[in-house]
Amino acid sequence: MAIIQSIVLPPSCLGSSHYELAIYRGDLEHPDAPGNKWHKLQHHIKAAKQQNATAIATFGGPFSNHLHAFGSTLASTPFKSIAVVRGELQPALSPTLKDLANNGVELWPSSRSDYRLGTDSEVTSMINVLYDNIYWIPEGGGGLLGALGCRDWAQEIDVLTKPHDAWVVSAGTGTTAAGLLAYSKTPMLHVVSALKGAQRQKDEILNQATNLNVECPITKEGPQKSLADNFVFHCEQHEGGYAKRSPALNEFMVEFANSNPDIPLDPVYTCKSMFGIFMAMEAGTWPHRRTLFIHTGGLQGWRGYSLDSNPFVAS
Ligand SMILES: *Cc1c(COP(=O)(O)O)cnc(C)c1O
């Protein structure tokens with residue numbers, strides 16, 4: 001399947017030749033670890049090698065796309081892999097955690113209150129006592145090194161696609177958005193948050209992108225653009241909050257699956273961003289002609305939902 005495809009727009013937009021929407025199918029990259037999470041891991045793994053770490057550990061929930069990519073990506077490396085999983089041990093492992101176990105990841109359940117303490121938690125100190133020389137990757141594969149991997153990704157996408165007036169990407173932590181924004185040839189970047197109350201994230205993404213280019217300057221590049229002028233942040237598209245879906249969003253997904261049956265969206269992030277753009281295009285308020293939507297993957301996350309809530313299975 002082609003890595004760049006065009007999206008069939010809603011009937012109300014079809015009469016006009018005004019909008020062209022293409023999608024970069026990041027969900028088709030690296031079959032075992034598709035989407036943005038693979039890219040976020042690359043520089044963390046390099047850093048672990050440089051530190052001569054013997055184990056790499058990280059955090060995530062029982063359906064986490066990050067944990068899933070972590071397990072698959074680490075399976076082909078010599079590192080021991082350890083995951084701290086949010087929530088007490090359940091009688092049955094989630095499909096995501098089963099994949100981790102099959103990839104040889106050691107799973108450590110953690111109470112929600114302890115989990116919240118991150119690397120200050122009790123569970124991480126126990127792990128640090130058991131194994132020495134562990135490299136810890138932040139939840140979601142974030143941090144400057146996570147963003148650096150996404151700046152590399154922006155360059156790869158840029159090389160593969162024809163010029164667009166704008167790119168669209170979904171945000172959770174905002175690390176991916178920061179990395180894409182930091183790349184000098186990224187056109188106007190629209191970032192759509194899947195979280196409720198994410199207003200503050202706008203500055204965080206901008207700061208992270210700016211820091212990234214200070215800490216890891218891009219050499220052999222033209223003059224730097226103003227990052228702030230190249231960035232639009234949308235925080236009103238959460239549809240009830242993280243991992244929640246409104247009836248309107250569900251309805252949109254059914255329509256989208258009907259008109260674009262070969263382009264599955266994930267249930268947490270990309271469905272919301274796509275919904276937002278479709279609404280703006282239907283209203284005629286979307287400000288760009290040629291837009292590229294970056295598919296960040298996450299399709300394995302559907303396994304946390306009932307099959308009949310997934311409009312992309314039957315199609
Ligand atoms: C994790 C994830 C995101 C958000 O990435 P951040 O770097 O945390 O902003 C977006 N889309 C999908 C499918 C994801 O799994």
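**The ligand and its surroundings**

Visitor: What makes the pair formed by Lys37 and the ligand a polar contact?

Guide: In this predicted model, an N or O atom in the side chain of Lys37 is 2.7 Å from an oxygen atom of the ligand. The cut-off for a polar contact is 3.5 Å, so the pair counts as one.

Visitor: How do you know that Thr173 and Gly174 make polar contacts with the ligand?

Guide: By setting each value against the cut-off of 3.5 Å. For Thr173, a side-chain N or O atom is 2.6 Å from a ligand oxygen. For Gly174, a polar backbone atom is 2.8 Å from an oxygen atom of the ligand. Both values are within 3.5 Å, therefore both pairs count.

Visitor: How much of the ligand does the protein bury?

Guide: The ligand taken alone exposes 380 Å², and 98% of that is buried by the protein. The ligand sits in the largest pocket.

Visitor: Which elements give two or more residues to the shell around the ligand?

Guide: They are α2 (36–50) and α8 (175–182). With 3 residues, α2 gives the most.

Visitor: What kinds of residue make up that shell?

Guide: It divides into 10 polar, 3 charged and 2 nonpolar residues. Among the 15 residues around the ligand, Lys37, Lys40, Thr173, Thr176 and Thr296 come nearest.

Visitor: Why is the disulfide count 0?

Guide: A disulfide needs two cysteine sulfur atoms within 2.5 Å, and the count by this rule is 0. For Cys216, the nearest cysteine sulfur is that of Cys150, 13 Å away, so Cys216 is in no disulfide. For Cys235, the nearest is that of Cys271, 17 Å away, so Cys235 is in none either.

Methods
Residues numbered from 1 in each chain as written. Predicted model: local features only at pLDDT ≥ 70, side-chain atom pairs only at ≥ 80, totals over all residues. Heavy atoms only, no water. Near = heavy atom within 4 Å. Polar contact = N/O pair within 3.5 Å; in protein donor to acceptor, adjacent residues only side chain to side chain. Areas by Shrake-Rupley, 256 points an atom, 1.4 Å probe, with all protein chains shown as cover. 1 Å grid on protein atoms, 1.4 Å probe; cavity = no way out; pocket = protein on both sides within 12 Å on 5 of 7 lines; lining within 4 Å. Sits in = over half its atoms within 2 Å of the grid points. Helix = DSSP H or I, 4+ residues; strand = E, 2+ residues; numbered from the N terminus. Nonpolar A, V, L, I, M, F, W, Y, C, P; charged D, E, K, R; others polar.
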